[in-house]
Amino acid sequence: MLIKEGIKRSDIIKCSLCKDAPCSAACPEVDPARAMFGIWFDDQDVTSLRLPEENLCAKCDAPCEAACINSGSVPIKQTINQLYEKVRPEAEISIPSDEFRLKCDICGVQLENPFLLSSSVVASTYDMCARAFEAGWAGACFKTICSLDIHEASPRFSAIKGDNGSIIGFKNIEQLSDHSVAENMEIFRRLKQNYPSKIILASIMGQNEDEWESLAKLCEENGADVIELNFSCPNMQEDGMGSDIGQVPELVEKFTAAAKRSTTIPVLAKLTPNVGIMSPAAEAALRGGADGIAAINTIKSIVGVSPYTYVSSPAVRGLSAVGGYSGNAVKPIALRFIAEMGHNPALKGMHISGMGGIETWRDALEFILMGAGSIQITTAVMQYGYRIIDDLKDGLNYYLAQMGLKSVKDIIGAGLDSVSDTTDVLERDTVLFPAFDLEKCNGCGRCVISCDDGGHQAIRFDNRKPKLDGSKCVGCHLCKLVCPQDAIAAGKKRIKK
């Protein structure tokens, strides 16, 4: 994946990532849809290497583009040519022949790879979990089991979207499993019988100590491999449940101890991000006997207030409610909490199951580097389907092989030393100037506007080309971030006087 010139999502921005894509049906030699999907999920190296040895697209009249549901507006032929010409020559190794590097565990429970469905609608029926297992997911954290009578609102989802229509941030007001406890236990038994190598995490939520204890025991008896205690759902109607528990360390400790009393399998405490710091709740879970932590659950949020009705989204008969925010937008917040727990010496040795905004293998790698030993995903599956597991596994496996790593477990927490809880440790005696690539620059002047109005007035516009004034530049790199052409890179350093 360490390529000099790649292909970005923006290059195929109009691709709909179709089901049963007509472009692939129109091509007997190549799978264009699979190639587009690989690019979307940052898996360009493996995608290029899976193409036929000969570039059959070079002389093709592109029936794939004619068949495209977007009227040929996706540059399929050009993109595949770029995979051959730009990406494949830069691929440092061949595709690994096996996936042994991905093997890991949750507190000794073996996983064939780090990727699990997180507790949500994506893991709420037998059929859904079975299809995910068939696709290659290592396991599933089943939608939270409880004794409550669950009735959901409609609609219950809303989102913030990017320029290409993909979801950046996702809000839900959904609650727990609406199946009875008995129905869910039957699902566990069937899954374990038919998929014995796959891992079932049983997410549970009780109303009191007795319920936490009895639900944990029942789940183990019916095939669960790991118990996950939901101390973090932000959408509960009842007071004193969900994230109300996760904000009170004493309750976390008490209910963790209750669940541990009745079970012999590992227990994870799923903690809420709706706190300033997570360590007090995590340490409380450890005192209660938890074997690991799962984080983060969704963040309390309000999304999309209508300028006409004044109601936020999703609107349910003229009213809305604070709900849980997820999706790629929450990844930086999730990583901060994962790193906090990874740095905490009191939690050393505890397994961390990380989640929150993970879409690609690179996202997952960031969580692993910050201390996560397994990865859980929901919102990306809701948007793109179980099929994302192919690129999650392929991308991470290729990276590990490329880096000469024998196991994903070798890099758990490897990035923690680079992160400090305070900026006091940062070196402040040099300025790293930006460097302009005038061949890439299209002369838009975005860098000049941003530097003038949001920076230090250090860039001049000369014949529609940027010129740096080193006497004013402080090296903030705002210009680099706003450049739509990626025409600005890190340049020379200067020692401050």
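**Close-up views of a predicted model**

**Figure 1. A salt bridge within helix 6 involves Asp-127, which is partly exposed, with a relative accessible area of 43%.** The structure shown in this and the following views is a predicted model. The partner of Asp-127 is Arg-131, and their side chains meet at 3.1 Å, N to O. Both residues belong to helix 6, which spans residues 126-135, and they are separated by 4 residues, about one turn of the helix. An α-helix has 3.6 residues a turn, so residues three or four places apart point the same way. Arg-131 is likewise partly exposed, its relative accessible area being 43%.

**Figure 2. A salt bridge joins Arg-9 to Glu-359, with an N to O distance of 3.0 Å.** The pair connects distant parts of the chain, 350 residues apart. Arg-9 is located in the segment before helix 1 (22-25), whereas Glu-359 is in the loop between strand 13 (351-354) and helix 13 (361-369). The two partners fall into separate accessibility classes: Arg-9 is partly exposed, at 26% relative accessible area, while Glu-359 is buried, at 7%.

**Figure 3. Glu-366 and Lys-331 form a salt bridge through their side chains, at 3.2 Å from N to O.** Because Glu-366 lies in helix 13 and Lys-331 in helix 12 (residues 331-343), the pair ties together parts that are 35 residues apart in sequence. Glu-366 is partly exposed, with a relative accessible area of 32%. Lys-331, by contrast, is buried, with a relative accessible area of 12%. Elsewhere, Lys-143, Arg-156 and Glu-174 are joined into one network by salt bridges that share partners. Over the whole structure, the search returns 21 salt bridges.

**Figure 4. Helix 10 (residues 249-261) packs against helix 11 (residues 279-287) at an angle of about 25°, and their axes are 7 Å apart.** At this angle, helix 10 is therefore roughly parallel to helix 11. The crossing of helix 10 with helix 11 is right-handed. On the side of helix 10, the contact involves Pro-249, Val-252, Glu-253 and Thr-256. These residues meet Pro-280, Ala-281, Ala-284, Ala-285 and Arg-287 of helix 11. Classified by residue type, this contact comprises 6 nonpolar, 1 polar and 2 charged residues.

**Figure 5. Helix 2 (residues 32-40) and helix 15 (residues 388-402) cross at roughly 60°, and their axes come within 10 Å.** The two helices are therefore oblique to each other, and their crossing is right-handed. Helix 2 contributes Arg-34, Phe-37 and Gly-38 to the contact. Helix 15 contributes Ile-388, Asp-390, Asp-391 and Asp-394. The residues of this contact divide into 2 nonpolar, 1 polar and 4 charged.

**Figure 6. Helix 2 is largely enclosed by the rest of the structure, because 7 of its 9 residues are buried.** The buried residues are Pro-32, Ala-35, Met-36, Phe-37, Gly-38, Ile-39 and Trp-40. Two of these names, Phe-37 and Gly-38, recur from the contact with helix 15. Several helices take part in covering the buried residues of helix 2, including helix 1, helix 3 (44-50), helix 4 (63-67) and helix 5 (76-87). Helix 14 (379-384) and helix 15 also belong to this covering. Just after helix 2, Asp-42 adopts a positive phi of about 60°.

**Figure 7. Ile-488 is a buried residue, with a relative accessible area of 7%.** This residue is found in strand 18, which covers residues 488-495. When residues up to four places away in sequence are not counted, Ile-488 touches Pro-434, Ala-435, Phe-436, Cys-447, Cys-479, Lys-480 and Cys-483. Ile-488 and Ile-7 are 481 residues apart in sequence, and the distance between them in space is 17 Å, C-alpha to C-alpha.

Definitions and conventions
Residues numbered from 1 in each chain as written. Predicted model: local features only at pLDDT ≥ 70, side-chain atom pairs only at ≥ 80, totals over all residues. Heavy atoms only, no water. Salt bridge = Lys/Arg side-chain N within 4 Å of Asp/Glu carboxyl O. Buried < 20%, exposed > 50% of the residue type's maximum accessible area, 1.4 Å probe, protein only. Axes fitted to C-alpha atoms, helices over the stretch in contact; angles between N-to-C directions. Parallel < 35°, antiparallel > 145°, perpendicular 65-115°, else oblique. Left-handed = near helix turned anticlockwise from the far one by under 90°. Contact = heavy atoms within 4.5 Å. Nonpolar A, V, L, I, M, F, W, Y, C, P; charged D, E, K, R; others polar.
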